[in-house]
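Colleague: I should be grateful for a close look at one part of this protein, followed by an account of how the rest of the chain is arranged around such details.

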Amino acid sequence: MSKADVFRALHRGRLPGDPLVLPGPWDAVSARALEAAGFPALATPSAGIAAALGYEDGATPADEMFAAVARVCRAVDVPVSADVEGGYGLAPTELVERLLEAGAVGCNLEDSHRGVLKDPREHADWLAQVRSAAGDRLFVNARVDTFAYGDGDPARAIERAALYVAAGADCVYPIGAPTNLLPLLRSGIQGPINVNAKLEGGPEPSELGELGATRVTFGPTLQRWAALALKGMTDELRKRW
């Protein structure tokens, strides 16, 4: 099996309460630490990589993002999916080629741009072109941003999700969806659902799985935790030296 096949298989047959947990590395060191901890696959966070490279979220140049993803992929043997935001304006064929060259087996693609929702049918057409160019070589996670930048209507999220699944998306990611709406989203969306989890103060991944999550990601939280830990160490260093 290819890594893409392995990654796709990890999403199948998940029992309620046992979602696929995909932590987010931002560089080779964090990727190796997460692989050593036993996680079967990883998912890079665009915001975490942006912070590590010195950019605001959404401002990382495409070349630097793909280079960062490539370093993560080279560092580990497990499959890696990459958050490549809205695709950086690349044509679907070029986007797919660059993801594959970096070593990624999947991608996260947003349906908004600079806080504004895209036309869902136009975005679905674009996703279909990505699917056609990728074949089965990439696992496409289609983000639905109605809770982040829209009116938060779950019916609209389900409508968008249906268009993206029909276009060939392997998974749907209603980012920012309230936990209490997950059962409703689960009942209305075909296929796997990605849910973003909090590492503190939120439901455990197992609880999210019982509510309908197929897989759980954490966005840039691990990178931010690492930055806070480093700040604590530098504060101590200044006191001593």
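In which helix is the place of Thr-221? Please begin there and continue to the charged side chains and the nonpolar cores.

Modeller: Thr-221 belongs to helix H11, which covers residues 221-240. Please bear in mind throughout that this is a predicted model. With a relative accessible area of 21%, Thr-221 is partly exposed; the cut-off for a buried residue is under 20%, so Thr-221 does not count as buried. In space, its C-alpha lies 9.2 Å from that of Ala-47, although 174 residues separate Thr-221 and Ala-47 in sequence.

Further along helix H11, Lys-231 and Asp-235 form a salt bridge, with 3.1 Å between the closest N and O atoms. These two residues are 4 positions apart in the helix, which means that about one helical turn separates them. Both partners are partly exposed: Asp-235 has a relative accessible area of 36%, and Lys-231 has 48%. Elsewhere, salt bridges with shared partners link Arg-8, Arg-131 and Asp-170 into one network.

The whole structure contains 10 salt bridges. One of them joins Arg-160 to Asp-111, at 2.9 Å between the closest N and O atoms. Arg-160 sits in helix H8 (residues 154-166), whereas Asp-111 sits in the loop between strand S4 (106-109) and strand S5 (112-113), so the bridge ties together parts that are 49 residues apart in sequence. Arg-160 and Asp-111 are both buried. Another salt bridge pairs Asp-153 with Arg-156, at 4.0 Å from N to O. Here Asp-153 is partly exposed at 29% relative accessibility, and Arg-156 is partly exposed at 44%.

Arg-215 presents another arrangement. This residue is in strand S10 (residues 215-217). Arg-215 is buried but has no salt bridge, and the nearest side chain of opposite charge, that of Asp-170, is 8.4 Å away. A salt bridge requires the nitrogen and the carboxyl oxygen to be within 4 Å, so the separation of 8.4 Å from Asp-170 does not meet that limit. The side chain of Arg-215 does make a polar contact of 2.6 Å with the side chain of Asn-194. Beyond its neighbours within four places in sequence, Arg-215 is in contact with several residues, among them Phe-7, His-11, Leu-22, Phe-139, Cys-171 and Val-195.

Turning to the nonpolar interior, the largest core has 56 residues, and those touching the most other members are Val-84, Leu-95, Leu-99, Leu-109, Leu-127 and Leu-185. Helix H4 (residues 62-75) gives the most to this core, contributing 9 residues. Leaving out residues up to four places away in sequence, Leu-99 touches Phe-66, Ala-82, Val-84, Ala-104, Gly-106, Cys-107 and Leu-138. A second, separate core has 10 residues, including Ala-4, Leu-10, Leu-22 and Cys-171. Of these, Leu-22 and Cys-171 are also among the contacts of Arg-215.

As for the chain as a whole, it holds 11 helices and 10 strands. Of its 241 residues, 47% count as buried. Among contacts with a separation of 6 or more, 65% are between residues 24 or more positions apart. The radius of gyration is 17 Å, which agrees with the value near 18 Å for a compact globule of 241 residues. The C-alpha trace spans about 60 × 40 × 40 Å along its principal axes.

Definitions and conventions:
Residues are numbered from 1 along each chain as its sequence is written. This is a predicted model: local features need pLDDT of at least 70, side-chain atom pairs count only at pLDDT 80 or more; totals for chains, interfaces and linings use all residues. Side-chain values use heavy atoms; hydrogens and water are left out. Buried means under 20% relative accessible area, exposed over 50%, partly exposed in between (1.4 Å probe, protein chains only). Lys and Arg count as positive and Asp and Glu as negative; His and the chain ends are not counted. A polar contact is a pair of N or O atoms within 3.5 Å; within protein, one must be able to donate a hydrogen and the other to accept it, and residues adjacent in sequence count only if both atoms are side-chain atoms. Contact means heavy atoms within 4.5 Å. A nonpolar core is a set of buried Ala, Val, Leu, Ile, Met, Phe, Trp, Tyr and Cys residues joined through side-chain atoms within 4.5 Å. The radius of gyration is taken over C-alpha atoms; the globule rule is 2.2 Å times the number of residues to the power 0.38.
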